[in-house]
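This briefing covers enclosed cavities and helix packing in one protein chain. Please look over the sequence and the structure before reading on.

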Amino acid sequence: MESGNIEQVDAAIIGAGWYGLVACRTYLRLRPDANVLIIDSDNTVGGVWSKDRLYPNLVAQVRLGLFNYSDTPMPPNGGNPKDPRVTGEMIHNYMHKYAQDHDLLRHIRFNTFVTSAEQRASGRWRLSLKDSDDVIEAEKLLVATGVTSIPYLPPFAESLLEEEEPSTIPIIHSRDLGMAFEALGDEAVRKVVVVGAAKSAYDAVYLLLSMGKEVTWIIRSDGAGPLAILPFKILGLVNAISVASTRLMTHLSPSILNTHGPLYWFFQRTAAGRWCVGRFWDFLDFVSGVHAGYRDGDHVEMLKPEINRQSVFWAHSGLGVVTLPDFWSTLHSKNLHIVRDEIQTIRGRSVSLKSGSSLEADYAVMCTGWGDHFGMFDAEHKAVIGLPAYTGKDLYSVPELLAVQAKVQAQRAEVVDWASYDAAADRAVSEKLPFLARQPRVHRADLLDPRRQKKWRLYRRAIPVELAARGDRSLAILGQVHTVQTPLVSEVQSLWAILYLLGEIDLPDVPAMAAEVALWNAWTRMRYLNQGQKFPYSLYDFLPYIDSIFADLGLDSRRKSNPIAEILSPYEPTDFNGFVDEYLRKRKAKSGEDGKV
């Protein structure tokens, strides 16, 4: 017997970030009378850019004009069109106004955390909520949680925080820097420990040094090491993300979605072309190293990426872009100390390291990555949906991972023989993109073992193949494409996924979908190394992805005025302004031809 109320909705969207907001707007454009509900655990819109997560100096890694929806330009910082920065506050205000302007706020239920999502025998999805007996049932479910909302803390930090009376300094995750900013500004907080090597760690270190703190930055020695960082402008002339937003880059960065045409053939299938590709990335890597000052003879040398050549290409530990002019000069400060070690425990102000040494601190910031963003699904649902099993943060050896996978697989019969598709995909990537076949050596080669890869079995990065195979169009997973132009990709993917949910687009057969999924997984693993092992990484490759989606929709993704501009001119979101209207006109015309009302 149910103890709470059951709320029935046509569509439930989990998450009110870039994907969640535009998915709600798009759904209502296609079905104006639908009862659509967005559920978000925060108290404002924005996801990673929500109000509580903002702090001074938080900026996006892109210039103005590249980080907005296609039909809604973002106003410049302080109204100054010459300021290229996109600050966290700008993004939050932009998203809030977008939600206001399109009447989305009334569809959002804030401060609500979904603890479980279970598909009922009826096919509807039942959502259970934290601290509530009420449940929500939805005919369609869109999961737009992203991958930066559930913090991961190392075991030592979790155990300390679970103590009733912690005898230690304050410990926070980087997600909570905004809420802790005032406390960190206290004069009593002089020494701060920052743990981790992700982009969030660089941002935290820069913030703390700017506040006059003495920072000890602890990066473990057995991980993938510091990330590669591009300058905001290459040689002070050309914006790095603008270059990454050209079609030329889709040939200089080998993409499995871009394996046709004369430019592909030259750059990827000829020795001369591959030589050009290599020298291009050597140049970018050299410029990035000089800009950072890795050879200046101080502690910043310890932030040099593990891969000596072309680190900004491989993005083994991730990729960042400097957007603040004093970023590297601040990190060269004598107030920064970098240690390659791990924390064993913290007691009082004493931080004990695994090497046996210790140091004192007044605060600790854990930039240690993210947890299970699909924790609302149990292991069986994850297997059916095609989501990787969550096994913690690099805590399992390969045999242990295989045992976890085997346990899940033993409980069900797979619709697709993924092993055969994966093997064929590995061969296809090596053949079509031979530049990727010669991979660099890394310190932890075991991290690149293909058996460790977290494989998303999602067609077009959104649709569960197994559900689609049995005609179940009730679920879409949004946002599992990591690119440099999130807002634009969120629009394009949302339209395609919602049309799929509504039965308005046809899918290929199961073998074709399985081949596409396996090919993507093999490519992202070989292209982005450790990052491709963990995420559906696609930093430089958003245009080929948009090309594939537009082809499915019967739309033209080549929007420039002439062939030269098509190759060399950066694509901005505004280039795609009106694409939803284009589709709707096309659908209306087709309905008229078919004699439909």
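**Cavities and helix packing**

In this predicted model, three cavities of 30 Å³ or more are counted. The largest cavity has a volume of about 80 Å³, and the second largest holds about 60 Å³ of space. Three helix pairs are then described: α1 with α2, α8 with α9, and α1 with α16.

**Largest cavity**

- The volume of the largest cavity is about 80 Å³.
- Its lining consists of N57, V59, K199, D203, Y206, V321, V322, T323, L324 and F327.
- Helix α5 (residues 199-210) gives the largest share of this lining, with three residues.
- Sorted by class, the lining of the largest cavity holds six nonpolar, two polar and two charged residues.

**Second largest cavity**

- The second largest cavity encloses about 60 Å³.
- Around the second largest cavity lie A224, P226, L227, A228, P305, E306, I307, S311, A315, H316, S317 and G318.
- The classes in the lining of the second largest cavity are seven nonpolar, four polar and one charged.

**Helices α1 and α2**

- Helix α1 (residues 18-30) and helix α2 (residues 88-101) have axes that come within 11 Å and cross at roughly 15 degrees.
- Because angles under 35 degrees count as roughly parallel, α1 is roughly parallel to α2.
- The two helices, α1 and α2, cross in a left-handed sense.
- On the α1 side the contact uses W18, L21, V22 and R25, which meet I91, Y94, M95, Y98 and A99 of α2.
- The contact of α1 with α2 has eight nonpolar residues, no polar residues and one charged residue.

**Helices α1 and α16**

- The axes of α1 and helix α16 (residues 486-501) come within 9 Å, with a crossing angle of roughly 40 degrees.
- α1 and α16 are therefore oblique to each other.
- The crossing of α1 past α16 is right-handed.
- From α1, the residues in this contact are W18, Y19, V22, A23, T26, Y27 and L30.
- From α16, the partners are T486, P487, V489, S490, E491, Q493, S494, L495, I498 and L499.
- By class, 11 nonpolar, five polar and one charged residues make up the contact of α1 with α16.
- W18 and V22 of α1 appear in the contact with α2 and also in the contact with α16.

**Helices α8 and α9**

- Helix α8 (residues 262-269) packs on helix α9 (residues 271-292) at an angle of about 80 degrees, and their axes are 5 Å apart.
- Since 65 to 115 degrees counts as roughly perpendicular, α8 and α9 are roughly perpendicular to each other.
- F266, F267, Q268 and R269 of α8 touch A271, A272, G273, R274, C276 and V277 of α9.
- The contact of α8 with α9 comprises six nonpolar, two polar and two charged residues.

Note on methods. Residues are numbered from 1 along each chain as its sequence is written. This is a predicted model: local features need pLDDT of at least 70, side-chain atom pairs count only at pLDDT 80 or more; totals for chains, interfaces and linings use all residues. Side-chain values use heavy atoms; hydrogens and water are left out. On a 1 Å grid over the protein atoms alone, a cavity is a set of points where a 1.4 Å probe fits but cannot get out, and a pocket is an open set with protein on both sides within 12 Å along at least five of seven lines; lining residues have an atom within 4 Å of a point. Grid points are joined across faces, edges and corners, and a volume is the space filled by probe spheres set on the points. Helices (H or I, at least four residues) and strands (E, at least two) are DSSP runs, numbered from the N terminus. Ala, Val, Leu, Ile, Met, Phe, Trp, Tyr, Cys and Pro count as nonpolar, Asp, Glu, Lys and Arg as charged, and the others, Gly among them, as polar. Axes are lines fitted to C-alpha atoms, for helices over the stretch in contact, and angles run from 0 to 180 degrees between N-to-C directions. Angles under 35 degrees count as roughly parallel, over 145 as roughly antiparallel, 65 to 115 as roughly perpendicular and the rest as oblique. A crossing is left-handed if the near helix is turned anticlockwise from the far one by less than a right angle, and right-handed if clockwise. Contact means heavy atoms within 4.5 Å.
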